[in-house]
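Please look at the model shown here and work through the questions that come after it.

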Amino acid sequence: MDVHKQKRLMYWAAWLVLGLYMATMDWTMYPSAPFFARLLPMNLLQSLAWGVAGLGVIATAQRWPLSQFGWNERKNWTIELLGSVVCAALALLLVWFISLIFSDAGMLDKVLGNPWHYFLRYFSKYFHISLLFMWAVLGAYHGMWIYTKYRKRELEAVQLESRLAQAQNAALQMQLRPHFLFNTLNSISALMHSDTESADRML
């Protein structure tokens with residue numbers, strides 16, 4: 001399987017697992033609510049909404065990358081953090097709409113009577129969770145980036161070491177061949193004056 005495709009599958013699988021976890025958590029708090037008809041689909045859709053917002057965080061990090069984690073990167077750090085705040089707010093708006101879809105008729109009428117009030121209350125209650133999710137995506141992205149960079153440098157070091165060993169071996173062979181030839185000719189030359197048959201066999 002392609003590496004990028006595998007990463008995408010892992011990304012969405014993580015959000016689906018989170019949705020399942022949130023659904024079971026809601027079920028413990030509201031045991032009378034229908035799990036498969038309401039809690040599970042609502043939480044899965046909300047997790048997918050956060051996943052879409054997380055793609056915005058990743059796009060921001062790719063557009064303004066960090067070459068190092070230092071003060072010189074404060075502009076890109078600021079843009080990435082502000083981008084995560086914006087993505088968290090937009091995700092929460094979408095999550096709120098999804099929660100309205102699965103609300104009962106009485107609750108929906110109350111919200112539609114004063115939507116701004118109910119959204120602000122929802123926002124104040126869940127914004128920090130939404131922002132935490134976006135920061136988790138940002139942290140995971142940079143963690144993968146650091147790991148990939150480290151593995152690339154490690155591979156380059158191994159390749160460089162291999163090329164160095166090959167170059168040293170080639171240099172040693174270049175040194176040994178003339179030396180061996182010189183010694184052989186010198187031995188033949190010496191034998192020519194004392195033992196021509198041995199010199200002939202050596203040749």
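The questions and answers below deal with helix packing, aromatic pairs and exposure.

This is a predicted model, in which local features need pLDDT of at least 70 and side-chain atom pairs count only at pLDDT 80 or more, while totals for chains, interfaces and linings use all residues. Residues are numbered from 1 along each chain as its sequence is written, and side-chain values use heavy atoms, with hydrogens and water left out.

Q: Is H1 parallel, antiparallel, perpendicular or oblique to H2?
A: The axes of helix H1 (residues 3–29) and helix H2 (residues 35–63) come within 8 Å and cross at roughly 140°. Axes are lines fitted to C-alpha atoms, for helices over the stretch in contact, with angles from 0 to 180 degrees between N-to-C directions, and helices are DSSP runs (H or I, at least four residues) numbered from the N terminus. Angles under 35 degrees count as roughly parallel, over 145 as roughly antiparallel, 65 to 115 as roughly perpendicular and the rest as oblique. The crossing angle therefore makes H1, relative to H2, oblique.

Q: Which parts does the pair of tryptophan 15 and phenylalanine 133 tie together?
A: Rings of Phe, Tyr and Trp (its six-membered ring) pair if their centres lie within 6.5 Å, and planes under 30 degrees apart count as stacked, over 60 as edge-to-face and the rest as tilted. Tryptophan 15 and phenylalanine 133 are edge-to-face, at 6.0 Å centre to centre and 85° between the planes. Because tryptophan 15 lies in helix H1 and phenylalanine 133 in helix H5 (residues 115–192), the pair ties together parts 118 residues apart in sequence, namely H1 and H5.

Q: Is tryptophan 15 buried or exposed?
A: Buried means under 20% relative accessible area, exposed over 50%, and partly exposed in between (1.4 Å probe, protein chains only). Tryptophan 15 has a relative accessible area of 7%, so tryptophan 15 is buried.

Q: Is phenylalanine 36 buried or exposed?
A: Phenylalanine 35 and phenylalanine 36 form an edge-to-face pair, with 5.0 Å centre to centre and 90° between the planes. Phenylalanine 35 is buried, with a relative accessible area of 12%. Phenylalanine 36 has 67% relative accessibility, so phenylalanine 36 counts as exposed.

Q: How far apart in space are methionine 10 and phenylalanine 97, C-alpha to C-alpha?
A: Methionine 10 is placed in helix H1, and at 55% relative accessibility methionine 10 counts as exposed. Phenylalanine 97 belongs to an aromatic cluster with Trp96, Trp116, Phe119, Phe123 and Phe127. Methionine 10 and phenylalanine 97 are 87 residues apart in sequence, and their C-alpha to C-alpha distance is 26 Å.

Technical notes:
Helices (H or I, at least four residues) and strands (E, at least two) are DSSP runs, numbered from the N terminus.
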